[in-house]
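Colleague: I'm used to gels and assays rather than coordinates. Could you take me through this structure and show me how to read its features?

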Amino acid sequence: MDKARSVMLTAADHNLKAFSPIRIGFLEIGNRFVHSATHEAMATVYGEVTEGLVKRYQVLAKGEIGLIIPGFMFIDRAGKAAPYQTGIHCDEMIPGLKRIVDAVHEREGKIVFQLSHAGRQTTRRTTGQRPIAPSGSFRDPINILKPHEMNEEEIHGVITSFGEAARRAMEAGVDGIQLHAAHGYLINQFLSPFFNRRDDAWGGTAGNRFRFLKEVLAAVKRTAPEGAPILVKLNTNDYTPREGINTKLAAQYAEKLARLGVTALELSSGTLFYSFMNVCRGGAPTRELAKGMPIWLRPWVRIILNRWRERFKFEEAYHLDAAKRIKPVVGNIPVIMVGGLRSLSIIEEILQQGHADLLSMSRPFVRDPLLVKRMKEGVMNRVSCTSCNKCFAAVLNDKPLRCYADNGLLR
Ligand SMILES: Cc1cc2nc3c(=O)[nH]c(=O)nc-3n(C[C@H](O)[C@H](O)[C@H](O)COP(=O)(O)O)c2cc1C
């Protein structure tokens with residue numbers, strides 16, 4: 001990418017594709033910018049929406065972002081990934097969730113909820129029970145637990161819970177839903193040959209591993225109104241110690257999703273327990289990140305993070321190669337690319353070259369919720385987020401999401 005152009009490109013260039021509208025399914029989106037799901041650690045311990053959460057989305061909605069996806073929401077209690085995660089697991093959550101939706105709609109924004117089940121990527125402390133997963137044959141490095149291997153009945157139970165969560169999202173008034181099939185959570189676990197070691201109808205082949213996502217999609221379609229936008233966030237690489245999803249396998253899954261008629265695909269990578277720095281490449285604030293881990297693990301996390309810095313070094317648009325590979329196999333399905341997008345010129349170039357249809361960002365909006373508006377007004381053409389990852393370390397430490405770059409997190 002031609003970094004020099006970022007000096008020249010400002011949104012005074014009114015013809016930029018970045019500011020042109022796009023339709024995804026029935027949904028009209030005003031520009032090509034998406035707020036990628038970002039866990040806020042701001043709900044109550046029961047998962048209820050707080051005043052702080054509503055305020056966050058009121059501010060973001062002022063920023064003229066085309067589509068806003070709030071942080072992942074747990075669809076049932078066993079699927080809760082973090083203590084202050086927002087819940088969509090019971091009907092009592094609907095009025096609070098509606099406040100977030102209304103905050104965005106009042107400013108003419110569009111909003112999609114990300115539905116998630118943690119699977120093995122959680123702790124007893126968070127859910128009050130042993131984590132569940134497609135396979136229970138090995139222990140995870142962060143919670144040191146062997147999860148309970150889901151039986152047929154439990155698998156169908158979770159599929160139904162996804163459908164029910166989609167119904168609640170629709171009752172709260174959202175414009176669509178996104179299934180979190182990335183970052184090592186339950187759907188990703190079923191898709192990945194690393195996590196899914198089953199040899200029944202839910203594992204063993206790519207087709208069988210895909211079945212869980214396929215049935216979740218069907219359950220969601222049954223409860224959502226006809227034509228409601230259903231997006232999927234997919235890993236293009238798991239970066240697990242043994243082969244998980246790689247770009248080739250991701251392309252196969254993407255093709256299947258396109259055939260099933262998903263509304264849009266967001267491309268990402270990494271897993272929370274095995275390669276969390278690949279999810280959001282950049283700085284590794286080792287002390288702060290280690291603090292969010294169990295005490296005995298902290299020295300190891302520091303050593304590993306220091307030794308592996310090169311593996312997750314920040315690169316602008318770090319999923320571009322994966323997008324180039326996947327975009328051609330999904331036909332007309334819009335592709336949303338996330339990961340290290342920091343300058344308007346690069347965003348514009350990716351759109352012009354057709355490698356993606358929308359571009360999503362997470363950390364830059366934590367730093368500056370109004371960045372799209374500022375870019376459009378020509379006030380800035382490069383975001384000021386340095387990808388220091390202190391916001392990421394904060395939520396791992398159960399601290400509320402905000403930019404901690406200028407003042408420390410551990411004080
Ligand atoms: C604090 C924080 C929380 C995140 N929470 C989520 C989440 O809830 N769901 C999700 O799919 N991705 C989550 N991510 C990943 C981001 O959506 C995004 O994929 C990643 O940060 C790369 O984009 P960026 O370079 O624009 O930050 C989170 C990232 C950060 C930094």
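Modeller: Gladly! Let's start with the idea of a contact: two residues are in contact if their C-beta atoms, placed from the backbone, lie within 7 Å. Please keep in mind that this is a predicted model.

Colleague: Which residues is I187 in contact with, leaving aside its neighbours within four places in sequence?

Modeller: I187 is in contact with L179, H180, A181, F212, L213 and V216. I187 also belongs to the largest nonpolar core, which has 131 residues. Together with I88, L115, L265 and M337, I187 touches the most other members of that core.

Colleague: Let me step back to the whole chain. How many helices and strands are there?

Modeller: The chain has 16 helices and 14 strands. Its radius of gyration is 20 Å, close to the 22 Å that the globule rule gives for 411 residues, so the chain is as compact as a globular protein of that length. The C-alpha trace spans about 55 × 50 × 40 Å along its principal axes.

Colleague: What share of the residues is buried?

Modeller: The cut-off to remember is that a residue counts as buried if 20 or more other C-beta atoms lie within 10 Å of its own. Buried residues make up 56% of the 411 in this chain. As for contacts with a separation of 6 or more, 72% of them are between residues 24 or more positions apart.

Colleague: Now the strands. Why can β11 be called largely enclosed by the rest of the structure?

Modeller: Six of the six residues of strand β11 (residues 230-235) are buried, so the strand is largely enclosed by the rest of the structure. You can check each face: I230, V232 and L234 lie on one side, L231, K233 and N235 on the other, and all are buried.

Colleague: Which strands pair with β11?

Modeller: Strand β10 (residues 176-181) pairs with β11 in the parallel sense over five bridges, and H180 stands opposite K233 in β11. Five bridges also join β11 to β12, again running parallel. There, V232 stands opposite L265 in β12, and L265 is one of the core residues mentioned earlier.

Colleague: Where does the sheet go after β12?

Modeller: Strand β12 (residues 264-268) pairs with β13 in the parallel sense over three bridges, with I336 in β13 as the bridge partner of E266. Three bridges then join β13 to strand β14 (residues 358-361), also parallel, and the bridge partner of I336 in β14 is L358. Both faces of β13 (residues 335-338) are covered: V335 and M337 on one side, I336 and V338 on the other, are all buried.

Colleague: What links the parallel strands, and with which hand?

Modeller: Follow the path from one strand over a helix to the next. β11, helix α8 (residues 247-259) and β12 make a right-handed β-α-β unit. β13, helix α13 (residues 344-352) and β14 make a right-handed unit as well.

Colleague: Which residues come nearest to the ligand?

Modeller: Of the 26 residues around the ligand, S36, A37, C280, S362 and R363 come nearest. Helices α14 (363-367) and α16 (390-396) each supply at least two residues of the shell, and α16 gives the most, with three. Within α14 sits F365, which is buried, with 26 other C-beta atoms within 10 Å. Beyond its sequence neighbours within four places, F365 is in contact with H35, L60 and L371.

Colleague: One last topic: backbone angles. What should catch my eye?

Modeller: Most residues other than glycine have a negative phi. H183 has a positive phi of about 60° although it is not a glycine. H183 is found in the loop between β10 and α6 (186-191) and is buried, with 26 other C-beta atoms within 10 Å. N389 has a positive phi too, near 70°. N389 is in the loop between α15 (371-376) and α16, and is buried with 25 other C-beta atoms within 10 Å.

Colleague: Which residue in a helix is in contact with H183?

Modeller: L272, found in helix α9 (residues 272-279), is in contact with H183, and with Q121 and G184 as well. L272 is itself buried, with 20 other C-beta atoms within 10 Å.

Conventions. Residues are numbered from 1 along each chain as its sequence is written. This is a predicted model: local features need pLDDT of at least 70, side-chain atom pairs count only at pLDDT 80 or more; totals for chains, interfaces and linings use all residues. A residue is buried if 20 or more other C-beta atoms lie within 10 Å of its own, exposed if 12 or fewer, and partly exposed in between; C-beta atoms are placed from the backbone. Helices (H or I, at least four residues) and strands (E, at least two) are DSSP runs, numbered from the N terminus. Two strands pair if DSSP finds at least two bridges between them. A crossover is right-handed if, with the strands pointing away from the viewer, the path from the first strand over the helix to the second runs clockwise. The radius of gyration is taken over C-alpha atoms; the globule rule is 2.2 Å times the number of residues to the power 0.38. A nonpolar core is a set of buried Ala, Val, Leu, Ile, Met, Phe, Trp, Tyr and Cys residues joined through C-beta atoms within 7 Å. A residue is near a molecule or strand if its C-beta atom, placed from the backbone, lies within 6 Å of it.
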